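Reader: Hello! I am new to reading protein structures and would love a close look at one part of this one. Could you start with a single detail and then walk me outwards from there?

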Amino acid sequence: MCAPAKITETDSTNTNKQKEGLLEQILSADNLNRAYKQVKRNKGAGGIDGMQVDELLPFLENHKDELVKSLWDGKYRPKPVRRVEILKENGKMRKLGIPTVVDRLIQQAITQVLSPIFEEQFSDSSFGFRPKRSAHDALRRCQSHINGGYRYVVDMDLEKYFDTVNQSKLIQILSETIKDGRVISLIHKFLQSGVMVDGLFEESPEGVPQGGPLSPLLGNIMLNECDHELERRGHRFVRYADDMMIFCKSKKAAKRTLDHILPYIEGKLFLKVNREKTKVAHVNYVKFLGYSFYIYKGEGRLRIHPKSIQKLKDKIREVTARSNGLGIEERRTELNQVVRGWTNYFKLADAKNLLARLDEWLRSRIRMVTWKRWKRVRTRFENLKKAGIPREQAWQWANTRKGYWRTAHSPILTKALSNERFKRIGYLSFSECYSAKYV
């Protein structure tokens with residue numbers, strides 16, 4: 001695969017030929033103050049220097065002038081990011097790079113100035129990490145294309161997109177819009193700041209480290225080239241970050257589209273397409289942003305994808321495990337957050353019956369962990385009596401040798417820990433949260 005010539009990063013790229021004072025805007029007191037407030041709001045873990053978000057203000061009070069001066073002089077050097085790996089739903093690990101809080105501040109300041117500039121260039125079919133746009137907007141656009149008769153898709157999978165972005169190509173694209181070479185130089189330093197893995201430094205000659213405020217914007221800027229190429233060719237598509245679906249009217253047209261767009265993505269943008277995961281399929285057989293599609297009476301409808309349901313159940317199992325050390329109040333609070341957040345995200349799906357089944361399963365999980373907590377026979381006996389179970393039955397069930405999960409489904413425990421009781425003490429249900437969205 002060919003690659004563009006390397007662009008050498010220096011401290012003074014084009015500094016004598018400035019056409020726009022972008023660095024002045026980035027380093028203005030107002031912009032830096034807004035950036036500080038945003039970094040504080042976002043919280044997050046510290047980088048390799050160990051500084052936490054709460055320590056940023058005292059640091060700036062003592063070192064702001066020298067920090068700003070080093071940025072003016074082109075002498076600022078971002079620190080390497082701290083490597084963190086998180087498990088993806090496919091069992092593989094996603095690599096995140098956590099910048100120091102000072103670097104996050106500067107990245108946020110850059111993002112605030114550049115975002116409005118690039119927003120004017122971004123495609124109307126791009127929805128990820130953009131103001132006033134959401135995953136729900138992307139899904140509604142998908143429905144619109146399906147309703148228009150575009151029922152076959154190229155489900156594009158870019159292999160480890162953020163890890164494989166060609167930095168020279170990205171700098172070239174940035175330079176077409178950003179005429180302040182000092183800002184280009186600063187961004188290039190962030191791209192090449194390196195990674196600390198188990199205490200050892202690794203260079204970062206390619207990729208955009210996920211984890212900082214700047215990476216979503218840079219990712220969109222790179223893929224905006226692909227967006228405009230698809231528009232130029234007259235395709236209907238929806239992109240959310242690096243998830244992209246191209247809609248076509250027939251399987252043959254979708255295959256032809258894939259064959260024609262691959263050379264552009266790989267040969268012009270130098271991105272890697274995962275050939276195994278990229279597929280041409282009917283909309284019924286694809287997953288997008290946790291949802292799946294189906295057609296009912298000629299209209300594109302949304303379901304919750306089975307993998308999203310499995311992921312939810314894994315999370316609830318984690319929260320309702322006896323070994324996680326959570327108290328009763330903490331567990332209820334965390335479960336309610338999961339129920340509220342998950343239902344809010346999947347509110348576009350047709351899911352009434354599914355959510356009723358999930359509620360039943362969730363209640364059983366709560367009954368099971370409660371039964372485990374009533375560990376001793378005497379404790380179980382007393383609590384069952386308090387819940388209105390007759391003495392003889394309470395004693396019989398307090399001594400049961402049946403397994404926890406089977407006991408959770410028993411008529412006695414279902415009566416003692418009824419759905420009404422759960423509601424009274426503050427547990428939310430999926431069905432009620434879902435219905436509330438449509439009241």
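In strand S5, which residue is the bridge partner of methionine 196?

Author: Happy to help! One thing to keep in mind from the start is that this is a predicted model. The bridge partner of methionine 196 in S5 is phenylalanine 201. That bridge belongs to the pairing of strand S4 (residues 195-197) with S5, where three bridges join the two strands and they run antiparallel.

Now step back to the sheet around this pair. Four strands make up an open sheet, and their order is S2-S1-S4-S5, with mixed pairing. Strand S2 (93-98) and strand S5 (200-202) are the edge strands; each has a single partner strand, so one side of each has no neighbour in the sheet. On average, neighbouring strands here are turned by 45 degrees against each other, if direction is ignored. As a general rule, the strands of a sheet pair through backbone hydrogen bonds, either parallel or antiparallel.

A second antiparallel pairing is a good one to set beside it. Strand S10 (residues 291-296) pairs with S11 in the antiparallel sense over six bridges. In one of these pairings, phenylalanine 293 has leucine 302 in S11 as its bridge partner. S10 and S11 form a hairpin with two residues between them, and lysine 297 in the turn has a positive phi of about 55 degrees. Strand S11 (residues 299-304) also has two faces: Gly300, Leu302 and Ile304 are on the covered one, while Glu299, Arg301 and Arg303 are on the uncovered one. Leucine 302, the partner of phenylalanine 293, is therefore on the covered face.

Next, a helix. Helix H7 (residues 167-177) is largely enclosed by the rest of the structure, because eight of its 11 residues are buried. Those buried residues are Gln167, Ser168, Lys169, Leu170, Ile171, Ile173, Leu174 and Thr177. Among the elements that cover them are H4, helix H8 (181-191) and helix H9 (215-232). At the start of H7, a side-chain oxygen of asparagine 166 comes to within 3.1 Å of the backbone nitrogen of serine 168.

The aromatic rings tell another part of the story. Searching the whole structure gives 11 aromatic pairs. In one of them, the ring centres of phenylalanine 129 and tyrosine 240 are 6.2 Å apart and the planes are at 45 degrees, so this pair is tilted. Phenylalanine 129 is in the loop between helix H4 (101-119) and helix H5 (135-147), and tyrosine 240 is in strand S6 (residues 236-240), so the pair ties together parts that are 111 residues apart in sequence. Phenylalanine 129 counts as exposed, at 52% relative accessibility, since the cut-off for exposed is over 50%.

Phenylalanine 381 and tryptophan 395 make an edge-to-face pair, with 5.1 Å from centre to centre and 85 degrees between the planes. Phenylalanine 381 is in helix H14 (residues 377-386) and tryptophan 395 is in helix H15 (residues 391-398), 14 residues apart. Phenylalanine 381 is buried, at a relative accessible area of 3%, whereas tryptophan 395 is partly exposed, at 40%. Elsewhere, Tyr291, Trp342, Tyr345, Phe346 and Phe430 form one aromatic cluster.

Rings can also have charged groups over them. Arginine 133 lies over the face of phenylalanine 127, 4.8 Å from the ring centre. Likewise, the charged end of lysine 313 sits over the ring of tryptophan 361, at 5.1 Å from its centre.

One last residue deserves a visit. Threonine 320 is in the loop between helix H11 (306-319) and helix H12 (328-345). Although it is in a loop, threonine 320 is buried, with a relative accessible area of 1%. Its side chain reaches the backbone oxygen of isoleucine 316 at 2.7 Å. Leaving aside residues up to four places away in sequence, threonine 320 touches Arg331, Leu335, Arg365 and Val369.

Finally, here is the whole chain as a frame for these details. The chain has 19 helices and 11 strands, and 48% of its 439 residues count as buried. The C-alpha trace spans about 90 × 60 × 40 Å along its principal axes. Of the contacts between residues at least 6 apart in sequence, 73% join residues at least 24 apart.

Key: Residues numbered from 1 in each chain as written. Predicted model: local features only at pLDDT ≥ 70, side-chain atom pairs only at ≥ 80, totals over all residues. Heavy atoms only, no water. Buried < 20%, exposed > 50% of the residue type's maximum accessible area, 1.4 Å probe, protein only. Pairing = 2+ DSSP bridges. Phe/Tyr/Trp six-rings, centres within 6.5 Å; stacked < 30°, edge-to-face > 60°. Lys NZ or Arg CZ within 6 Å of the ring centre and 35° of its normal. Polar contact = N/O pair within 3.5 Å; in protein donor to acceptor, adjacent residues only side chain to side chain. Contact = heavy atoms within 4.5 Å. Axes fitted to C-alpha atoms, helices over the stretch in contact; angles between N-to-C directions.
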